[in-house]
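Work through the exercises below with the sequence and the model at hand. Try each task before reading its solution.

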Amino acid sequence: MPLLELRGITHRFGAVTALDGVDLDVAAGEVHALLGENGAGKSTLVNVLAGGIVPDRGEVWVDGEVVRLRSPADAARRGIGMVHQHDALVGAFTVAENLALGLPGAPFSSSPGFLEAVHRRAAAASPLPLPSATARTDTLGVGERQRVEIARAVADGGRLLGLDEATAVLTPAEADALLDATRALARDGMAVVFITHRLAEVERVADRVTVLRGGRVVHRAARGGFDPATLAAAMVGAAPEPLPAGPGRPGGEALALVGLAARASDASRGVDGIDLSVRSGEIVGVAGVDGNGQRSLAAAVAGTCAPSAGEVRIGGRAAGRTGPAGHRALGLAIVPEDRRTEGLALDLSLAENLLLDAGALGGPAWGTRAPRAIRRAAAPRLERFGVTADPGARAGALSGGNQQRVVLARELGEPPAALLLVNPTRGLDLRATAFVRDEVRRLRDAGAGVLLVSTDLDEVVELADRVVVLSSGRLSGPFPKETPRAELGRAMAGGAP
Ligand SMILES: Nc1ncnc2c1ncn2[C@@H]1O[C@H](COP(=O)(O)OP(=O)(O)O)[C@@H](O)[C@H]1O
Ligand SMILES: [Mg+2]
């Protein structure tokens with residue numbers, strides 16, 4: 001008998017059918033992968049099994065009986081816990097306080113002894129090292145916060161763990177540890193629903209896979225029967241044809257960094273002695289391991305941090321200390337690293353987010369136009385970038401792929417002279433990734449000078465016409481795009497190229 005079974009689950013959000021008659025069963029001791037593109041319905045489905053959403057139709061069976069899960073607490077009582085796509089910890093609370101939240105008989109003024117005991121139990125149940133009990137969770141990194149959430153889900157009688165795109169936010173090493181931990185949990189009898197859009201992860205951790213597309217199950221397979229090509233085809237359906245990746249035809253200088261030194265904040269690594277020129281019609285890729293100065297480099301180019309030496313030139317003109325607005329006025333478009341904190345105002349509508357770049361919708365901006373007129377103006381632009389949500393929808397409610405499309409719709413609607421992109425496809429699924437990369441090539445071919453800062457070496461090699469490497473705050477290269485990876489890897493590690 002499966003531990004958990006979903007039968008004929010259907011759920012709508014307004015006009016969108018997020019789930020359409022989905023069946024899924026999960027047994028103790030198995031990792032069941034849920035694979036699908038952005039918007040396929042994966043998060044909605046695990047929210048149903050974790051009590052966050054009561055579906056319009058269908059049945060949830062636990063231990064062979066029909067149950068109604070009306071809240072996450074309801075699900076937790078049956079041993080079902082969940083690690084969400086965006087973490088659900090209370091930042092101002094400590095690790096132990098977060099672990100204690102929601103435990104029966106845990107008033108918030110819990111004694112230190114009680115909190116210590118909760119932390120000890122969670123650490124013992126957890127497959128990964130747990131940060132210390134007294135650390136405030138808002139001082140922890142993404143990977144550490146995730147470990148607190150996992151421990152909370154598996155401690156105290158946890159039997160089923162849902163992981164929603166948990167590896168997407170992790171470094172490769174952290175992701176690796178999480179995949180190992182997932183297998184270890186299953187060996188100990190835990191049922192795991194593992195959501196991902198990465199085929200390699202299915203291959204590595206899953207016993208079975210269910211592929212969702214458009215809210216329907218389109219493919220199922222068990223270990224031994226995983227075929228990457230079939231899985232990919234099931235995920236994307238008829239994939240859009242990518243544009244041919246023709247070589248760029250570089251023209252005049254679009255963006256130049258001259259003797260640049262900058263530091264984005266005390267906490268980040270600075271850059272020094274940066275000389276780089278990006279011509280119009282070419283993509284220059286900055287490869288490197290995260291933490292080698294990417295943040296400072298991007299901040300200086302975007303104008304959010306003033307250089308301590310040297311200068312940024314956009315379209316042949318020195319940007320000086322004009323800040324982001326000044327850099328934009330010279331023709332720079334910016335697709336920032338974190339679409340949720342830097343790219344979008346999550347509480348505003350999509351249409352209002354387009355207006356954040358005055359002129360993106362043509363004509364006057366804030367306050368002078370009626371909301372309905374703004375939405376009408378935004379609709380065609382959003383549609384052109386494939387955003388499948390209403391212009392009046394709150395940006396924060398969208399999937400990562402849709403959020404990135406909104407950022408692109410604002411930044412790239414009018415072809416810019418120069419474009420800065422920072423990790424533009426991190427956390428996106430195959431189709432959204434292909435869309436972003438095609439847009440970047442299209443703009444390059446239309447004459448934009450593109451500076452791509454990415455910690456994904458595959459992405460840099462795929463897109464860039466020339467590659468430079470950022471290591472310990474300094475650039476090496478340029479390397480032609482045919483350069484062997486081993487050589488780029490040596491430069492990334494700081495060795496002699
Ligand atoms: N709270 C919500 N309000 C409106 N639409 C939503 C909401 N949550 C999800 N959707 C829509 O439901 C569909 C499925 O979304 P989701 O389950 O998040 O997909 P996935 O996790 O596979 O990316 C998408 O079209 C999404 O835009
Ligand atoms: Mg999701």
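**Exercise 1. The start of the chain**

Which residue in β2 does leucine 6 stand opposite?

Solution. The model is a predicted one, and the steps below are read from it.
- Step 1: Strand β1 covers residues 4-13, and seven bridges join it to β2.
- Step 2: β1 and β2 run antiparallel.
- Step 3: Across this pairing, leucine 6 faces leucine 24 of β2.
- Step 4: The two strands form a hairpin with two residues between them. Glycine 14, in the turn, has a positive phi of about 55°.

**Exercise 2. The shell around ligand 1**

Find the residues around ligand 1 and sort them by character and by element.

Solution.
- Step 1: The residues around the ligand are Phe13, Val16, Ala18, Glu37, Asn38, Gly39, Ala40, Gly41, Lys42, Ser43 and Thr44.
- Step 2: By character, the shell splits into four nonpolar, five polar and two charged residues.
- Step 3: Two elements each supply at least two residues of this shell: β2 (16-26) and α1 (42-49).
- Step 4: With three residues, α1 gives the most to the shell.

**Exercise 3. Polar contacts and cover of ligand 1**

List the distances from oxygen atoms of ligand 1 to N or O atoms of alanine 40 and threonine 44, add the one to glutamate 37, and then state how much of the ligand is covered.

Solution.
- Step 1: For glutamate 37, a polar backbone atom is 3.5 Å from an oxygen atom of ligand 1.
- Step 2: For alanine 40, the atom is again a backbone N or O, and it lies 3.1 Å from a ligand oxygen.
- Step 3: For threonine 44, the atom belongs to the side chain, and the distance to a ligand oxygen is 2.5 Å.
- Step 4: On its own, ligand 1 has 560 Å² of accessible area, and the protein covers 73% of it.
- Step 5: As for its site, ligand 1 sits in the second largest pocket.

**Exercise 4. A four-stranded sheet**

What is the order of the strands in the open sheet that contains β11 and β14?

Solution.
- Step 1: The order is β12-β11-β14-β15, and the pairing is antiparallel.
- Step 2: β12 (271-279) and β15 (317-318) are the edge strands, each paired on one side only.
- Step 3: β11 (residues 253-262) and β14 (residues 309-314) are paired over five bridges. Leucine 257 is opposite valine 312, and leucine 255 has isoleucine 314 as its bridge partner.
- Step 4: β14 is joined to β15 by two bridges. Here isoleucine 314 stands opposite arginine 317.
- Step 5: β14 and β15 make a hairpin with two residues between them. Glycine 315 in its turn has a positive phi of about 60°.

**Exercise 5. Backbone angles to check**

Where is aspartate 63 placed, and which residues does a cis peptide bond with omega of about 5° join?

Solution.
- Step 1: Aspartate 63 is in the loop between β4 (57-62) and β5 (65-67).
- Step 2: Its phi is near 50°, a positive value in a residue other than glycine.
- Step 3: The cis peptide bond, with omega of about 5°, joins glycine 477 and proline 478.
- Step 4: Proline 478 is found in strand β20, which spans residues 474-480.

Methods. Residues are numbered from 1 along each chain as its sequence is written. Chains are lettered from A and ligands numbered from 1 in the order in which they are written. This is a predicted model: local features need pLDDT of at least 70, side-chain atom pairs count only at pLDDT 80 or more; totals for chains, interfaces and linings use all residues. Side-chain values use heavy atoms; hydrogens and water are left out. A residue is near a molecule or strand if one of its heavy atoms lies within 4 Å of it. A polar contact is a pair of N or O atoms within 3.5 Å; within protein, one must be able to donate a hydrogen and the other to accept it, and residues adjacent in sequence count only if both atoms are side-chain atoms. Accessible areas come from the Shrake-Rupley method with a 1.4 Å probe; for residues, only the protein chains shown count as cover. On a 1 Å grid over the protein atoms alone, a cavity is a set of points where a 1.4 Å probe fits but cannot get out, and a pocket is an open set with protein on both sides within 12 Å along at least five of seven lines; lining residues have an atom within 4 Å of a point. A molecule sits in a cavity or pocket if more than half of its atoms lie within 2 Å of its grid points. Ala, Val, Leu, Ile, Met, Phe, Trp, Tyr, Cys and Pro count as nonpolar, Asp, Glu, Lys and Arg as charged, and the others, Gly among them, as polar. Two strands pair if DSSP finds at least two bridges between them.
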